[in-house]
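Here are my notes for someone opening this one for the first time. Have the viewer ready and follow the points in order.

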Amino acid sequence: MGAYIANRLFQMIIAVFGISVIVFVITNMIGDPANVLLPPETPREQREIFREEMGFNRPLIVQYADFLTDALQGDFGNSFRTERAALTIVWERMPATLLLTLAGTILATCIAIPMGIISAYKRHTFWDNLTTLFVVAGQAMPIFWLGLMLIIVFGVNLKWLPPSGYGDFGLDRLKHMILPTVVLGVFLAPVTERLVRSGVLDALTQDYVRTARAKGVKERTVLVRHALRNSIIPVITVLGLQFGQLLGGAVITETVFAWPGVGLLAIESIRNADFPVTQAAVVSLAVIISVVNLAVDLVVGMLDPRIRR
Amino acid sequence: MSSLSPRELHDRIYDNWERFYQEGRIDRRTLMKAAMVWAAGATAVPLLAACGDDDDDDDDDTGGDSSGSATNTPGDDESTTTEGSGDDATEAEDSEPEPTAADGGGAAEGGTLTVILSESDLPTMDPHMHNLRTGIITFYHTHDNLGLRNKDTNLIEPWLAESWENIEPTVWEMKLREGVTFHNGDPFTAETVKWNWERIINPEQASPQIGNHVAIAGVEVIDEYTVHVTTTEPYPIFTERLQNFQMIPEMLAQAEGDAYLAENPVGTGPYMLEEWKKGQEIVLTRNPNYWNSDVQAPYETLVLRIVPGLPTQLAELLAGNVDIIRVVPFDQMETVENSGIAMPVTQAILRVGFVRLDAMGRSGPSPFEDARVRNAANHAVDIEGYIAALQPGGDRAPALLNPKHFGFDPSVEPHEYDPDLAKQLLEEAGYPDGIDVTWLRGPSSMPNQDQVDQAMQRDLEAVGIRAEFETLSDGNVFTTRHNEGNGGDMMNYNWGSYSVFDADGIYWDMLHSDSIFTYYNNTELDALLDQGRGSLDADERMQIYADAQRIVREEAPMIFMWGFHSVWGVSNDVEWSPRPDEIDMYFTARPKA
């Protein structure tokens, strides 16, 4: 187990390092910070002086080395825009993002597992087709479109729920959470549902299920205790993998619903060419995704000894 | 299109399926499949209806409360809102009392006014350390300025300054209002004015607004409520510097430092900061001790929300959650108008759009170096037609100036739409077969910029000016290309004059040969513009700019377009109108009776 953890940790470090390179190169490609930070009428000479002062004219590799050294100490520099520490700004926004992604994951699981079981158990019936319709629709609908539709229906026409915003702590927050959580849930559920369906289908043909049935075990117990439990491992792995996708989805969801999380912050900072904040946001998300995946792998390893190799 | 509504059409299709089943032409399973598709479709139809706002309107009492629909009587508030079709927007004009107008009626009520300020949050609460319109708007509520623009005359009138006088060509004497205190109790005095100006012109402070104040040389305190402001040269637009320049309490600033100011907007304004929820909203509460008893903000609380994405902003307005949004896209005006919840309000603003022509071959030889070709381009385009079909309104700018600029001469005639004349001019210039040119385009705040460009491109091609688009998605790349002289033959441009309502604010930057923006070089015009900039005599300046306009009209260094109109969305429960300088003053908003 120890070697397995060490191996996974090493892989994680490599992945985060790779992401830091990509983020650094891309942020430097999307625009010259001098153009963004200085008013448009600034003459060329002054731009040059500014680049010199800020160190933007050094070779990219040197700038990256500096960036990495500081980042390893948790220093992503100060926001160009607000002059506050970039990492602090990101972590201020993190609770909102984690709240939303957690709620989205829970909702997706609550949708996907029952649907997957029903769909497998009632294979090729109306119910299976209905869940297939849901899955196809969930996969096919762009996340922002679904978000806007929910806003129009539940926010504007029915006025049941606030169209956007974060709300105040408590019931108000819960009300504001519902629509974005549904969007994330619907976005995430289909893949899990398909996995549960195929896993349960597979399990239902296994000998142990036949044995259980032959013993006279209740059908519900057969399904949950025998079939579902044996098909859940790939589902957990995929939930971990999907966590990354979910954070990606959160970027769009947060933008549509004005949810003040890291995703929205990342979009804002890209728009304002506030590179330190973009870099801190993306690297922070990458670290979280890696940690979640590591945790998932460890859990799966504990559940299924065959995987620890 | 069939005369059936989408839903009826849908039901009819399903009826057919059921008949097929009864006739034995399909089996039960196929029918079930059809039922599923039908069910999905039936859910989608109202969605689409809501989205497209079509005639299948099952939702006409969205007002919710009776007061919403009661206040929506057409003609209720004359010219402030648009009536009839979306593209026939009338303008918001003077139905709103100026802040200075005495109006005790709305004073000291409760309630909350919610406004969507912007798509992204302010970087700071220090009014001197940003260059954003949304910042200006916010700090007009928490702080005060020395002068305030009258939105009818566009002239700057006294506010924290009581009067000013030009005692020498480069010295202005200013008397300040007595008895004004900041939110923290500090007094507003001559020292305050001196400290604020010295802060903003200090290069070490690195204020992004330093450019506005380059002509200010220094401030001298004469007595507690009098200052002398010295300018580097005679400065005709001095009064423009008295607005959008907010006063910070100097004692507090010196004691607490810049980091404190970046979080705490302490001013003398009609509202005080209650909470800044970063990335979400700025909550302001009414200043009960505001010095100007004529401006008692009717709403106890003012919430300035940050909502990225115009569709969500629009949804918030139509859900009745917010009272004012600052941008209504042109194609959504009708939706807002028919909502029964809010109305689009159109206001002419100072910003002017045009297509710059490379009249001096700055980015290489260009056919537009010939004035006949430039005039041909101006005659080839149907400006009135574009305004009527594609804009929420627009004021023609026959020689680049907006009618709102001081110095605008209404006797200068715009180019007429005359394709034959355009062809003739091209032929005279030696291009009987027309010309091929490039047209650089970047992101734009103009409504329907793409559609206007396409219409213009087609009209130009009709006379033989074949323009090929090069479209850049990055505004900074575009600006850099343009400013560094690599714009090519034609470039989209618009100019807000830094909110200076004076011909100098656009002519010098856009056309003087010393400006980094210019693609035109005319020593005669340069001389006039220098003269206009150095003169303090209003009549003389009028004459100078009238002469300049004749030259510009004749020389046509750009395709002249129009001054923009902007569209706000305002709840039917609120009486408020925007201003031509786009500095929204929400303390003038009041609940509708």
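1. Let's start with a quick check on a helix. Helix H4 of chain A covers residues 60–72, and its 13 residues, at 1.5 Å each, should span 18 Å; the C-alpha atoms at its ends are indeed 18 Å apart, so the two values agree. Gly74(A) follows H4(A), and its phi is positive, near 80°.

2. Before going further, remember that this is a predicted model. Its scores are ipTM 0.80 and pTM 0.79. For chain B the mean pLDDT is 84, with 82% of the residues at 70 or more.

3. There is one stretch to treat with care. Across residues 39–107 of chain B, pLDDT stays under 50, although the model still has 106 contacts there beyond four places in sequence. Where pLDDT is low, the coordinates should not be read in detail. I'd skip over that part when looking at side chains.

4. Now chain A as a whole. What does it contain in the way of helices and strands? It has twelve helices and zero strands, so the pattern along the sequence reads α-α-α-α-α-α-α-α-α-α-α-α. Along the principal axes, its C-alpha atoms fill a box of roughly 85 × 55 × 35 Å. Of its 309 residues, 39% are buried. Among contacts with a separation of 6 or more, 72% join residues 24 or more positions apart.

5. Stay in chain A and find helix H9, residues 207–215. How many of its nine residues are buried? The number is zero, so H9(A) lies largely in the open. Right after H9(A) comes Gly216(A), with a positive phi near 95°.

6. Chain B mixes both kinds of element, with 17 helices and 19 strands. Buried residues account for 47% of its 593 residues. Of the chain B contacts with a separation of 6 or more, 71% are between residues 24 or more positions apart.

7. A good place to begin in chain B is an open sheet of four strands, ordered E4-E5-E7-E6, with antiparallel pairing. Its edges are strand E4 (161–168) and strand E6 (216–223) of chain B, each of which pairs on one side only. From one strand to the next, the twist averages 20°.

8. Zoom in on one pairing of that sheet. E6(B) and strand E7 (residues 226–231) of chain B are antiparallel partners over six bridges. For example, Ile216(B) has Thr231(B) in E7(B) as its bridge partner. Helix H5 of chain B, residues 190–201, lies across strand E5 (171–176), E6 and E7 of chain B, and runs at about 165° to E6(B).

9. Next, look at strand E16 (residues 490–495) of chain B, which pairs with two strands discussed here. With strand E12 (residues 342–357) of chain B, the pairing is antiparallel over six bridges, and Phe354(B) is bridged to Tyr493(B) in E16(B). With strand E14 (residues 435–441) of chain B, E16(B) pairs in the parallel sense over two bridges; there, Trp439(B) has Met490(B) as its bridge partner. As background, strands of a sheet pair through backbone hydrogen bonds, either parallel or antiparallel.

10. One residue deserves a look of its own. Arg374(B) sits in helix H10 (residues 371–380) of chain B. Is Arg374(B) buried or exposed? With 24 other C-beta atoms within 10 Å, Arg374(B) is buried, because 20 or more is the cut-off. Leaving aside residues up to four places away in sequence, Arg374(B) touches Leu357(B), Ala359(B), Phe368(B), Ala556(B) and Pro557(B). The C-alpha atom of Arg374(B) is separated by 17 Å from that of Val412(B), 38 residues apart along the chain.

11. Finally, see where the two chains come together through helices. Helix H7 (residues 143–157) of chain A packs with helix H8 (residues 310–318) of chain B at an angle of about 10°, with axes 10 Å apart. Angles under 35 degrees count as roughly parallel, so that is how H7(A) and H8(B) are described. The contact is made by Leu148(A), Ile151(A), Ile152(A), Gly155(A) and Val156(A) on the H7(A) side, and by Pro311(B), Thr312(B), Ala315(B) and Leu318(B) on the H8(B) side.

How values were computed. Residues numbered from 1 in each chain as written. Chains lettered and ligands numbered in written order. pLDDT = per-residue confidence, 0-100. Contact = placed C-beta atoms within 7 Å. Buried ≥ 20, exposed ≤ 12 C-beta atoms within 10 Å, placed from the backbone. Pairing = 2+ DSSP bridges. Axes fitted to C-alpha atoms, helices over the stretch in contact; angles between N-to-C directions. Expected span 1.5 Å × (residues − 1). Parallel < 35°, antiparallel > 145°, perpendicular 65-115°, else oblique.
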